[in-house]
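Student: I would like to understand how the descriptive terms used for a structure are earned, so could we go through some of them together?

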Amino acid sequence: MTNAPDAKPVLQVRHLTTSFRTDDGIVTAVDDVSFDVFAGETLGVVGESGCGKTVTSKSIMRLLPEHLTIYGEQSEVIFEGKNIIRANEREMRKIRGDKIAMIFQEPMTSLNPVFTVGWQLDEALKYHTNLSRKQRREKAIEMLRLVEIPNPERRIHEYPHQLSGGMRQRVMIAMALCCEPDILIADEPTTALDVTIQAQILDLMNGLKEKLHTAIMLITHDLGVVAQVCDRVMVMYAGRAIEFGSVREIFHEPQHPYTNALLESIPKRGSRRSRSRRLPTIPGIVPSLRNLPKGCRFNDRCPACQQRCIDEEPELINHSLDRPVRCHFPLNQKTQTESAH
Amino acid sequence: MWSYIVRKLVYNVPVYLGIILLTMAALRVRDPVAGYLGKNATQEQIDRLTQDMGLDRPFYEQYGKFLWQIVRLDFSEESWAQRGRTVKQILIDAIPPSMSITVPSVVASAFIALVVSLISAYFRGRLIDRTLVFFAVLGMSISYLVYIIFGQFFGAFLPLHQQWEFTPFAIQGYEAWTSWSHLSVLGLNIPYPNGIKFENWIEYCMLPVIIGVIVAMGYDTRFYRAVMVEESNKDYIVTAMAKGASKPKIMFVHMLKNAMIPIITRIMATLPFLITGSILLEMYFNIPGMGRELITALIANDFPVIQAFVSVLALLFILSIILTDVLYALVDPRVRLS
Amino acid sequence: MIVKLIKSRGMRRFSRNRLAMFSLAVIIVYFLTAIAVMLGAVSRDDTKERVGPNRLPGFLEPIGAEKRYDFDKWWVSELTNVFERAARENARAGGDPRAVLDEFALAERTIADGSYEDLKPAFDAMTEAWHELDDVFAEQLDLDDEAFAIRDEIKELQAEGEDVADLQAELEEVEALLAELAPRAEALYQQVEANIEKLLPMPSGFAGLVYSLRTMLGTDSKGASIAAQAVYSIKIAFQVGFVTALVAVLIGTISGAAAAYFGGWVDHAVLWVVSTLSSIPYLVLLAVFVYAFQAPALAEWFNNPERPALALVPLYAAFGLTFWIGTCRVVRGEVLKIKELEYVQAATALGFGRFYILLRHIIPNTAHLMFINFSLLFIGAIKSEVILTFLGLGVKGQPSWGIMISHGADGVTNFFFWEVGAATVFMFVLVLAFNIVSDALQDAFDPKHV
Ligand SMILES: Nc1ncnc2c1ncn2[C@@H]1O[C@H](COP(=O)(O)OP(=O)(O)OP(=O)(O)O)[C@@H](O)[C@H]1O
Ligand SMILES: [Mg+2]
């Protein structure tokens, strides 16, 4: 696993800032987040609930309610050389589902209850391919087979409520992948599923990634999942990206105290099975977006908090080689020479 | 499917028995005969009417007898206030006028409200949506009666009074716009239209229909819009967007089919009013429909008519609820199998 | 419970909605007015007392020539009546004509001070001017008719393409005569009205203010003040709305919460009653209830003029018995959800009594529903009152918006809109305010659905 498998980003996100108009004024849910997604890799995005993971991914797809959402002036989401954050609706429609696909957390409600599975798979193909009705049907069956749904010929005539949760998520994946997108954004695809099914779905996604060469942006609470399938990780906290690194780096040499705390809150190896599926808990609470602390956003919960952390917010800086972290006093620092060995 | 229908039917039997019980009890809180005949009636008159109606029998006996009447749809008592007409005759004669007003107005208002609420939901949160919602609330805040009064004034009275060229509507009254033939089914004469005089309908029914539509507009639009908004918050909408579906596709295909479930329920819920007719419209425009007959009977203490009308209305209401459930099952695949 | 509600997020969101706050203020103004009426600011007699001619238009409506004639005629005939009686009294030895004059009063507006002899000249002047005006008016009407006929004829001939020059000249002649008459009529009107004013001066000071308020919205077909009726009706509306909404919300909440919380046969029983009652069209159900309450024994008890407060009880009962169904359904649904919440489960596990949990934890959490339903039912009651009253099953014997609208309906076809209009506007503002408030409440507690 390297930092950048092909060293060719398919998606570049720069200074993404997403705010919402609410009754209480404007709330910024994602603040100046920049990252790349490289072809063929799996980027993990982790962070506590409410830190802006979903908003980040929906901003990329532009799925947020248009009239309530404001994107920052400098925000850029560059895909195929174009800044799609300023693209018009029609251009976005061509990209959605075709080039960038997305699957969601809740398989129970994410499928339309009044249309058959086949119809819903067919719909994506209809928008993005020129296949005939019969070809689309075949393709749909093929996709269902690919995601290991037994009896696909029969299943395409069924309604979502006739499928189990795991099957529905498989259908969602089939739907997302049927046009062979460049990027698949998976927003907590397994959170709502049983542990065993969870593992199956992750294996499936991993396998499909290899087969279809799709880059995956995997959003999750679950560091176990990250360890299992991701190449690189972005850690988010209160709307900010606070640390980047390869999976190994993040797990063995976390630099941000928050990442460290996250890791420490997981029960040690060996007890993995008994591990609670809830997100790791860290003492203290996430600051409200309406009421952020002045300095570092993590300062009130940070065990190593100093005066400087209260006064000024750290920039996202490479303290050591290609490991950007947003902290004044990062942990586990290595000098450049050390890491060269 | 059939077992589903049968289950629904069986479930509603106790409800209907309850309705009849309640209606009969409520109508007997006061002595109907004394109420009808007034203070100057002789004892002999009172006794005779009481016996004719069987009101001197114990309540459970009356209850049983009346239920039996309903089962056979046999209401052959004479009306008290309208001498010489049986309750059944009154019922049958009142249906066509009611229907010629309520059917068009339910259909038209459902259709228009659906279109308006789709527009509103499409532009949700924008000026056009807020304007529509505002007007819907304004419209709902005015009394039905005021709509009728001014509807008649501007629609019929003013044009006639000022001798405008365009005076299509009568101020009030009713004339049949079809001749009705009767089909005899199970001993009941079912009327069906036969030979149509459309100008009569325009003259006597169209204005009440327009008023009825305008009144319903506020309520329906708001309800439909709320349904659409509810649906547009659902996850499957985002999934459809993520697939690359266009906004019209999402609204008219994904959302509308889901929204149809509560909307059908609502339209079906108005079905019994097809029969009651719009009581107010009928009273004000002097249209001899079901609603008018019922209210006239209530005012005139016409006991047999009241009792039969309420029971039949409730029966139709319950049948339409069952029909709603069946339609529901047809639209919503989730209900179908369970 | 109230404190908890006020402190909730939804309430805070609600309090930031300006329009809703304004509407709430409107409701409060209405409420205070209702209290003032209850305390006697407008009595029931005030709503019946004659304050002017029948169907006197209100402040916005210009009085056309025809109506001006009619109203002046009314004043003149009323005054003539009084003065003729005073003259008879005057002729009688030892009679007191002033006493006769004092008998006449339209609320605050009474005959001017001074003895009969002092006022006689003004009366004579008025009568004389009136007779002349009568002639002029008749002449005007004739000429008008003539002009109308000529115009018709011209139209007809023009349609046939014939020459109409002669007729045109004739028409001009008639119009010239009419134009000549107009200033003369105007002068006479002013003369008559000046004398009426002299005999029946507008009261000054506070009485004047009260009188102009009373006549501000015109009078009904019996000459009684519409403004007074409209204001008095606020009280009736609040009585009907408040009592019914309260009764219905209480029955609905308790039965709904109990059905959902206890389940089992309680749920079945409540559902059975609910589906039974809702299987009868609500207007029919209302009508049947009202009918039942007209039983002689009940009617005698409730319609006793000595206990006017009881007259509305049948209406409250019919509304209350009909309206709780919706609340019951909504609350039942909500409680089914609340029941599953963790803290309720925890409280159950801790062994708190079921009634304690119901009263302490569950019902307080439906408080916002109670508020929303209260305002919806309030509106429902006010609107249904109008309809039932029109059907002859509602309020009787005291003014209400329903009575005003039903009575005023005839007036509309005589181009007299004030009776219906006043009731409509008064009612519209209140109902709109309630609608806005209940909408805002709903949105505040369920922000996703805006
Ligand atoms: N439409 C919106 N209007 C206002 N605020 C919003 C909106 N959508 C999201 N937010 C806010 O943005 C913040 C980030 O939300 P987001 O859904 O991205 O969190 P998340 O990291 O995905 O959390 P989870 O793990 O629970 O899914 C939250 O505080 C949320 O309240
Ligand atoms: Mg999320």
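Tutor: We will take the terms one at a time, keeping in mind that this is a predicted model.

Student: What makes the pair formed by Gly50(A) and ligand 1 a polar contact?

Tutor: A backbone N or O atom of Gly50(A) lies 2.7 Å from an oxygen atom of ligand 1, and because a polar contact is a pair of N or O atoms within 3.5 Å, this pair counts as one.

Student: Which part of Thr54(A) approaches an oxygen atom of ligand 1, and how do you know that this is a polar contact?

Tutor: An N or O atom in the side chain of Thr54(A) is 2.5 Å from an oxygen atom of ligand 1; the cut-off is 3.5 Å, so the pair qualifies. For Val55(A), a polar backbone atom is 2.8 Å from an oxygen atom of the ligand, and this pair therefore counts by the same cut-off. As for cover, the protein hides 68% of the 640 Å² of accessible area that ligand 1 has on its own.

Student: How many residues surround ligand 1, and what makes a residue count as one of them?

Tutor: There are 14 residues around ligand 1, and the closest include Ser49(A) and His221(A); they count because each has a heavy atom within 4 Å of the ligand. By kind, the shell divides into five nonpolar, six polar and three charged residues.

Student: Which element gives the most to the shell around ligand 1?

Tutor: That is H1(A), which gives three residues. Helix H1 (53–61) and strand S1 (9–22) of chain A each supply at least two residues of the shell.

Student: Why are S1(A) and S2(A) said to pair?

Tutor: Strand S2 covers residues 25–38 of chain A, and ten bridges link S1(A) to S2(A) in the antiparallel sense; since two strands pair if there are at least two bridges between them, these strands meet the condition. Within this pairing, Arg21(A) stands opposite Ile26(A), and a hairpin of two residues joins the strands.

Student: How do you know that S1(A) also pairs with S5(A) and S4(A)?

Tutor: S1(A) and strand S5 (residues 76–79) run antiparallel and are joined by four bridges, with Gln12(A) as the partner of Ile78(A). Strand S4 (residues 69–71) is antiparallel to S1(A) over three bridges, and there Phe20(A) has Thr69(A) as its bridge partner. Both strands therefore satisfy the requirement of at least two bridges, and both are said to pair with S1(A).

Key
Residues numbered from 1 in each chain as written. Chains lettered and ligands numbered in written order. Predicted model: local features only at pLDDT ≥ 70, side-chain atom pairs only at ≥ 80, totals over all residues. Heavy atoms only, no water. Polar contact = N/O pair within 3.5 Å; in protein donor to acceptor, adjacent residues only side chain to side chain. Areas by Shrake-Rupley, 256 points an atom, 1.4 Å probe, with all protein chains shown as cover. Nonpolar A, V, L, I, M, F, W, Y, C, P; charged D, E, K, R; others polar.
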